[in-house]
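Good morning, and thank you for coming. Today I should like to walk through one protein model, moving from its sheets to two individual residues.

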Amino acid sequence: MTDPSETERTYMLRALELAGRARGRTSPNPMVGAVLVKDGTIVGEGFHAFAGSDHAELAAIREAEGAAAGATMYVTLEPCCHFGRTPPCVEQIIKAGIRRVVAACEDPNSAVSGKGFAALRAAGVAVEVGLLAEEAARLNQAFFTFIRTGRPFVILKIAASLDGKIATRTGDSRWITGESARLHVHQIRNEVDAVLVGIGTILRDDPLLTTRLGTPDQRDPTRVIVDNLARLPLRAKVINRASTSPTILAASEMAPRARLEALEREGVQILLVPGSPRRISLASLMVELGKRGFLSVMIEGGAEINGSALQEGVVDKVLLFLAPILIGGKSTPTAVGGEGIDALRQAKRLRELRIERFDEDILIEGYLR
């Protein structure tokens, strides 16, 4: 589109802010926000709150009522043109008499991609695309990854000492980072679809893996336990009936049937994934989670899960929290296990780095793809 005015950027930033209110609530749909402007005044706003609810465009039109006719709509993603749980947004836009649509980016879904814009233009609606496109794509990076690959967007979260240790020689790891950093992790749990750990973490720490923000709108992610031989104790805290979110056990075909049935009786969902007596394929697991509509997964495991995830190439983003402590020890666990690499040119390099401080702890954030 032509160079946008600062006013138009402000309207799109507002649409992005609205869309972000539904983080973690819309899967398998994207987050979308919409702002209707007429004669320099916002007459309607909306966002897609959860899968099956009104899409952002319709919510904004309903709020504007009759004022939508002749207005400009600023929307963070291409309006849909196909029937799903809700009617096509393109039809609603045309019916409302909106004269112009400014969209941040095209929908990567082949059922929509370019077709929504074409339908609007065919009906005489002016369409401009590209305003804050990078910001909009980053907002929906999980959805874009899901559409492109069929698997979730995977975040690898690590908390380590300055010398790369994640526990002492006795296994003590509570707490390496401080309260502020841990609160940030809970905020991320509130936004992702699932948290994944290996059975080693369960046997060692027995974590809840719930969200503990103390807010009425917090939600727990699905807990995914990678446990090839179904060793998950029946009294483990992740088998927590008080949580509204399920627990999935990812096991191999070699897991004892009696153990799987016992866990199912406790409410655990069993997901059989190709693997070996030592481990299951994380790449195959991510494909299966994608089939179930998971858009985002955060790995919060130990060294072996971290190493396997990196080796299998399933990680999209890394969150490395570094605490200002030194643990030392030849045998103390490091952040990434596995066999390692032979040459530095094989090392995984983070890109688009961002550094943030949480009291004394430092977060290094970057992308692998």
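I shall describe the two sheets in turn, and then two residues outside the strands.

First, some ground rules. This is a predicted model, in which local features need pLDDT of at least 70 and side-chain atom pairs count only at pLDDT 80 or more, while totals for chains, interfaces and linings use all residues. Residues are numbered from 1 along each chain as its sequence is written, and side-chain values use heavy atoms, with hydrogens and water left out.

Helices (H or I, at least four residues) and strands (E, at least two) are DSSP runs, numbered from the N terminus. Two strands pair if DSSP finds at least two bridges between them. As general background, strands of a sheet pair through backbone hydrogen bonds, either parallel or antiparallel.

Let us begin with the sheet of five strands. In what order do the five strands lie? The order is 2-1-3-4-5, in an open sheet with mixed pairing. Its edges are strand 2 (41–47) and strand 5 (126–129), each of which pairs on one side only. Neighbouring strands here are turned by 15° against each other on average, direction ignored; such angles run from 0 to 180 degrees between N-to-C directions, and the axes are lines fitted to C-alpha atoms, for helices over the stretch in contact.

At one edge, strand 4 (residues 100–103) runs parallel to strand 5, and four bridges join them. Within this pair, Arg100 stands opposite Ala126. Helix 4 (residues 115–122) packs on the sheet and touches strand 4 and strand 5, its direction making about 150° with that of strand 5. Contact means heavy atoms within 4.5 Å.

At the other edge, strand 1 (residues 33–38) and strand 2 run antiparallel, joined by six bridges. Here Val37 faces Ile42 as its opposite residue in strand 2. The two strands form a hairpin with two residues between them, and Asp39 in the turn has a positive phi of about 55°.

We turn now to the sheet of nine strands. This open sheet has the order 10-9-8-7-11-6-12-14-13, again with mixed pairing. Strand 10 (269–272) and strand 13 are the edge strands, each pairing on one side only. The twist averages 20° from one strand to the next.

Strand 8 (residues 222–226) and strand 9 (residues 247–251) pair in the parallel sense over four bridges, with Ile225 opposite Leu249. By contrast, strand 13 (residues 351–358) and strand 14 (residues 361–367) run antiparallel, joined by six bridges. In that pair, Ile355 stands opposite Ile364. The hairpin they form has two residues between the strands, and Asp359 takes a positive phi near 55°.

Finally, two residues. Is Thr201, in helix 8 (residues 199–205), buried or exposed? Thr201 counts as buried because its relative accessibility is 8%; buried means under 20% relative accessible area, exposed over 50%, and partly exposed in between, with a 1.4 Å probe and protein chains only. Leaving aside residues up to four places away in sequence, Thr201 touches Asp206, Pro207, Gly301 and Gly302.

Cys81 lies in the loop between strand 3 (72–75) and helix 3 (89–96). At 26% relative accessibility, Cys81 therefore counts as partly exposed. With the same exclusion in sequence of residues up to four places away, its contacts include Pro88, Val90 and Lys115. Cys81 and Glu352 are 271 residues apart in sequence and 34 Å apart in space, C-alpha to C-alpha.

Thank you for your attention.
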